[in-house]
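Colleague: Mind going through the aromatic rings in this one with me? I'd like to hear how each label is earned.

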Amino acid sequence: MAGAKACRKIRGSQIRPLLESKHVFLFDCDGVLWHGEKAITGAPTVINSLTRHGKNVFFVTNNCTKPREMYLNKFLRLGFTDVKQDHIFSSSYCSALYLKNVANNQGKVFVIGGEGVLKELREADIPFIGDEADAPDANIYNCALTPDVKAVLVGHDDNFTFLKLAKASCYLRNPDCLFLTTDSDPWHPLRDGRILPGSGCLTAALETATGRKATVIGKPSRFMFECISSQFRGVEPAQCLMVGDRLETDMLFGANCGLDTMLTLTGISQIEDAQEYKISDPSTNQSFVPDYVVDTIADFLPAFENQD
């Protein structure tokens, strides 16, 4: 990074110049726009207002458990009435794009993942295995291995088993077999202080078993931004603002892509976390520091006053 990030707390009228100077807004979803099935207060109004003021609004999420169609239904159900499906970029959708357009995969994909990943692969006409049920007595000694697997894709999988890990490890002994993961998120917050292990945990297990490093498709990798910029004209880094709630994922993603970044305090990371990174080693940690901080994206609302 060229220098220390500002980590500047702003709100209300202070946000208006920023909104006027940016034409493209990228939003994380969980912890930024909603918590579970409840929209964060004011979030639908902010997103709808940005769209109606001619801004390009995109949604970048590492949550691979839902296909884009289900995300669109959730947006509409929670009051985000101006959202379009082609503006939603999930790690599962981008994984399918990578396999089809970048890797030009010529064989089957062994998938550790749920329906969100599987449906995006079906939509992209990418052949895969891994969703079939194994026999009750199946183990790595007697199970069948498919000979034409050319890639292993790891995502969140509620039905993860040791046998899936073992199969994937066998496929990845072939150095020509691609090793991809939808995202490297270690965990996700649940209610009552509980957490849900993320895709990063499953990926780490496979990396340990194989001695290989996975290619990360979702944030903080640049690929998700490249997907957007290749499909939509005028998406230039200087015109973009990335808004998220996780320093190590969303802010790093923005920094990797050359975007200005904004941390909202309605999710995982708090301003104390950002300030700790800010005063730490500037050569390694400044990419985690946001340019701007807001309590909630509802702080955008005063900036629209007298404009509607």
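Modeller: Sure, starting with a charge: the charged end of Arg68 sits over the ring of Tyr93, 3.5 Å from its centre. Keep in mind that this is a predicted model, where local features need pLDDT of at least 70, side-chain atom pairs count only at pLDDT 80 or more, and totals for chains, interfaces and linings use all residues. Residues are numbered from 1 along each chain as its sequence is written, and side-chain values use heavy atoms, with hydrogens and water left out.

Colleague: What makes a charge sit "over" a ring?

Modeller: NZ of Lys or CZ of Arg has to be within 6 Å of the ring centre and within 35 degrees of the ring normal. Lys66 does this too, with its charged end 5.6 Å from the centre of the Tyr71 ring.

Colleague: How many aromatic pairs does a search of the whole structure find?

Modeller: It finds 11. Rings of Phe, Tyr and Trp (its six-membered ring) pair if their centres lie within 6.5 Å; planes under 30 degrees apart are stacked, over 60 edge-to-face, the rest tilted.

Colleague: Why is the pair of Trp34 and Phe75 called edge-to-face?

Modeller: Their centres are 4.9 Å apart and their planes stand at 65°, so edge-to-face it is. Ring pairs also link Trp34, Phe59, Phe75 and Phe80 into a cluster.

Colleague: How do you know that Trp34 is buried?

Modeller: Buried means under 20% relative accessible area, exposed over 50%, partly exposed in between (1.4 Å probe, protein chains only). Trp34 has 1%, so it's buried, and Phe75, at 0%, is buried as well.
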